[in-house]
Amino acid sequence: MLLLRILLGGLLLAAGALKAGDPSSLAASIAAFRLLPAAIVGPLALALPYLELMLGAYLIVGLFTRVAATLAAFEFLIYAAAIASAVVRRIPAGCGCFGPKDTAIADWPHVAFDLALAAASGVVAYAAPGALAVDRVLRRV
Amino acid sequence: MNRRVLATLTTVAIAAIVAAAVVIYFRGPTHGSVQNASQSPVVGKAQKGKTAPQFEVATTAGYFDLSKTRKPVFLEVFATWCPHCQRETAVIDRLYAKYRNRVDFVAVSGSDTGMDGTSASSELDVLNWVRQFNVKYPVAYDPILNVASLYLQGGFPTIAIIGTNKKISDLDDGEITYGELDAALRSVLR
């Protein structure tokens, strides 16, 4: 469980770090899905990388593990739904999962990958906090 | 530091990130650059409802002369480096498959910069773009950017739909959905 938590946290940290430097490209990737109005796409592109970084860091150190893992599960479910909708509508949107250099096109394997990550996050949330977690230390205080 | 303090700090951090994003977007210099078109400095004289400016180009499917065609025309002005134009190719290919016998399709390059964003545009760059994105519709390289200077609306891609009466029935820039373009073509075919 510790390994799964660290893997998920590391994935979110990497995704957030790769997206953080280029909000315009991230906004273009989000806008390409044609699901959100521009007034939401812009702020979302600016905030999302830092929220992912926070979520990743919290999972790795095991702080508020259940809440963080549940939020991560919801995030991955939303990604899966957005990608699936793009595939169904035949919109050639880029996945944009790992920043502007990630040019992979949204497809069914990406949907399956995000669903698997959502399931893994759900398992982490269920078994929270797991070993080597700050939550365990806080319980003793 | 106990759990309650950490929870409060976390909430404050999340609120600060969201608030900063909203403020930067609506007050900062990035506002206005987040859109679904790549910016171009050109706004041509073409206008919706007005007569389409005359142009002629050599496309991958032969010579095209606006004044000679009797069909409605689907015109795209694109840049090979523009990600929105690259994505729009799939939309236009679907429309081309549906309307190719009833509408003349022509896409014309409108930037002096090549696909890598630094080199100069060229015939070869446009042909590489056609191959890379598996473009089926006729594409033209316009070295003097004549069509771009007439039709661009400030962003790539710019798409114009011209009726059989040579009036521009639709003119817009940015990524446009299949549904919108399909409706626009159906409208000029009525």
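**Exercise 1.** How many of the five residues of strand β8 (residues 158-162) of chain B are buried? Determine this for the predicted model, then assign the residues to the two faces of the strand.

*Solution.* Step 1: the cut-off for a buried residue is under 20% relative accessible area. Step 2: five of the five residues of β8(B) are buried, so the strand is largely enclosed by the rest of the structure. Step 3: in a regular strand, side chains alternate between the two faces of the sheet. Step 4: one side of β8(B) carries B:Thr158, B:Ala160 and B:Ile162, while B:Ile159 and B:Ile161 lie on the other, and both faces are covered.

**Exercise 2.** Identify the strands that pair with β8(B), and give the partners of B:Ile159.

*Solution.* Step 1: strand β4 (residues 73-78) of chain B pairs with β8(B) in the antiparallel sense, over five bridges. B:Glu76 has B:Ile159 as its bridge partner in β8(B). Step 2: strand β9 (residues 168-173) of chain B also pairs antiparallel with β8(B), through five bridges. Opposite B:Ile159 in β9(B) stands B:Asp172. Step 3: β8(B) and β9(B) make up a hairpin with five residues between them, and B:Lys166 in the turn has a positive phi of about 70°.

**Exercise 3.** Describe the surroundings of B:Asp172 in strand β9 of chain B.

*Solution.* Step 1: the relative accessible area of B:Asp172 is 41%, so the residue is partly exposed. Step 2: with residues up to four places away in sequence left out, B:Asp172 touches B:Pro157, B:Thr158 and B:Ile159. Step 3: B:Tyr151 is 21 residues from B:Asp172 along the chain, and their C-alpha atoms are separated by 9.6 Å.

**Exercise 4.** Locate the largest nonpolar core and the helix that gives the most to it.

*Solution.* Step 1: this core has 50 residues; B:Phe55, B:Phe74, B:Leu75, B:Phe105, B:Tyr137, B:Tyr151 and B:Leu185 touch the most other members. Step 2: the greatest contribution comes from helix α2 (residues 83-99) of chain B, with six residues. Step 3: another core, of 24 residues, lies apart from it and includes A:Leu8, A:Met54, A:Leu117 and B:Leu6.

**Exercise 5.** Characterise the packing of α2(B) against helix α5 (residues 178-189) of chain B.

*Solution.* Step 1: the axes of α2(B) and α5(B) lie 10 Å apart, at an angle of about 35°. Step 2: the crossing of α2(B) and α5(B) is right-handed. Step 3: among the contributors to the contact are B:Glu88, B:Val91 and B:Leu95 from α2(B), and B:Leu181, B:Asp182 and B:Leu185 from α5(B). Step 4: sorted by type, the contact residues are seven nonpolar, no polar and five charged.

Terms used:
Residues are numbered from 1 along each chain as its sequence is written. Chains are lettered from A and ligands numbered from 1 in the order in which they are written. This is a predicted model: local features need pLDDT of at least 70, side-chain atom pairs count only at pLDDT 80 or more; totals for chains, interfaces and linings use all residues. Side-chain values use heavy atoms; hydrogens and water are left out. A nonpolar core is a set of buried Ala, Val, Leu, Ile, Met, Phe, Trp, Tyr and Cys residues joined through side-chain atoms within 4.5 Å. Buried means under 20% relative accessible area, exposed over 50%, partly exposed in between (1.4 Å probe, protein chains only). Helices (H or I, at least four residues) and strands (E, at least two) are DSSP runs, numbered from the N terminus. Axes are lines fitted to C-alpha atoms, for helices over the stretch in contact, and angles run from 0 to 180 degrees between N-to-C directions. A crossing is left-handed if the near helix is turned anticlockwise from the far one by less than a right angle, and right-handed if clockwise. Contact means heavy atoms within 4.5 Å. Ala, Val, Leu, Ile, Met, Phe, Trp, Tyr, Cys and Pro count as nonpolar, Asp, Glu, Lys and Arg as charged, and the others, Gly among them, as polar. Two strands pair if DSSP finds at least two bridges between them.
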